[in-house]
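Biologist: Could you take a close look at a single residue for me, and then place that residue in the whole chain? I would be glad of one connected account.

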Amino acid sequence: MKERILNQRKISRIFQTEIFSIHRSCKNLIKKYGLRYRTLTQKEKEIIKNKSLLKIKKDKQKIAKSYRTKIWYDGWQENYEEFKKTKNFNSIVPKYYTRKKFKTFRLGGKFINTNDPEFELKMLDIYRNWFLRTYFNKCSNIYEFGAGSGNNILSASKIFPKKKIYGLDFVKSSVNLINLIGKNRKNIHGKFFDMSKPNNTFKIRKDSGFFSIGALEQLNNKIDPIINFFLKSKPIICINIEPDLKYYLPNKYLEDKIAVKFQNKRGYTSNLFKTLFLLEKKNKIKIIKHFRAPFGSQFIEGYNFIAWKPK
């Protein structure tokens, strides 16, 4: 199959937005990365299918189990130690991106092959720039829930140097890392916050926007407490970029069949979109925009988009 270059037109289609929105928000990143890819042949798809199903069968990881807290702590602590030593912002990128050796990813719901092992990470950077610049201009404060290594809020800090940027997480190593980053980027602040047991006295500043990227997925469908907190806090905008089962057609597409199996095996949250659409029916929120993940890993599409606000 012929190799293609990922251009603004293709990105506008998979982000379901106008091309001028892409041009305005992330044209420089698209040019900088020059991402190339090709679609898979039927024979290659069969090989990927067999490898993926075998991997899923052997996979033992379960979301929201108590042992996972230590794994998250140790992971962000590793980033903390590296950043403390090097002061290099590249060291805060989560290791689950940098340690991947896959060449197969997803683009527009289909398997693709690329020689760039950082394809997913670079696509996330483009995606993040687009949604932050598009939806958070009117916010005085930005909160990321489940901020992890602080990689996402670092981008927000660079885009909006005059806004206050808060990274919230439930493990102390993440909070420590974010506050260490904040010594170099003065508008960044780390705060302890457990989405499974939200502290309803936690102060949210006026004129704030919320976002999460692959964070509510870790709650194993127990999302009512955090959604209620969001409703009570009344953000100007709330954007959740998370995996879900809503868009998959497993009886029609091989890619979707594999993703459904993987998501169900791990136990990622799959009721977020259903919950938010029900809240809209009850006239409690307004859904501004939603669409299927424009890209993903070999096993799952974790970047479905839903932008909404409380009424």
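**A close look at E255**

Modeller: E255 counts as buried because its relative accessibility is 2%, and the cut-off for buried is under 20%. Please keep in mind that this is a predicted model. Along the chain, E255 has its place in helix α10, which covers residues 254–266. Leaving aside residues up to four places away in sequence, E255 touches K45, R106, G109, K110 and F111. Of these partners, K45, R106 and K110 are of the kinds counted as positive, while E255 is of a kind counted as negative.

Now let us step back to the chain around this residue. Helix α10 belongs to a secondary structure of eleven helices and twelve strands. The protein chain has a radius of gyration of 19 Å, close to the 19 Å given by the globule rule for 311 residues, so it is as compact as a globular protein of that length. Its C-alpha trace spans about 55 × 45 × 45 Å along the principal axes.

Burial can be put in context too: buried residues make up 54% of the 311 residues, and E255 is one of the buried residues. As for contacts, take those between residues at least 6 apart in sequence: 72% of them join residues at least 24 apart.

The outside and the charges complete the picture. The protein chain exposes about 15,400 Å², with carbon and sulfur atoms supplying 50% of that area. It carries 68 positive and 25 negative charges, and the mean positions of the two sets are 3 Å apart.

Technical notes:
Residues numbered from 1 in each chain as written. Predicted model: local features only at pLDDT ≥ 70, side-chain atom pairs only at ≥ 80, totals over all residues. Heavy atoms only, no water. Helix = DSSP H or I, 4+ residues; strand = E, 2+ residues; numbered from the N terminus. Rg over C-alpha atoms; globule rule 2.2 N^0.38 Å. Buried < 20%, exposed > 50% of the residue type's maximum accessible area, 1.4 Å probe, protein only. Contact = heavy atoms within 4.5 Å. Areas by Shrake-Rupley, 256 points an atom, 1.4 Å probe, with all protein chains shown as cover. Charge placed at Lys NZ, Arg CZ, Asp CG, Glu CD.
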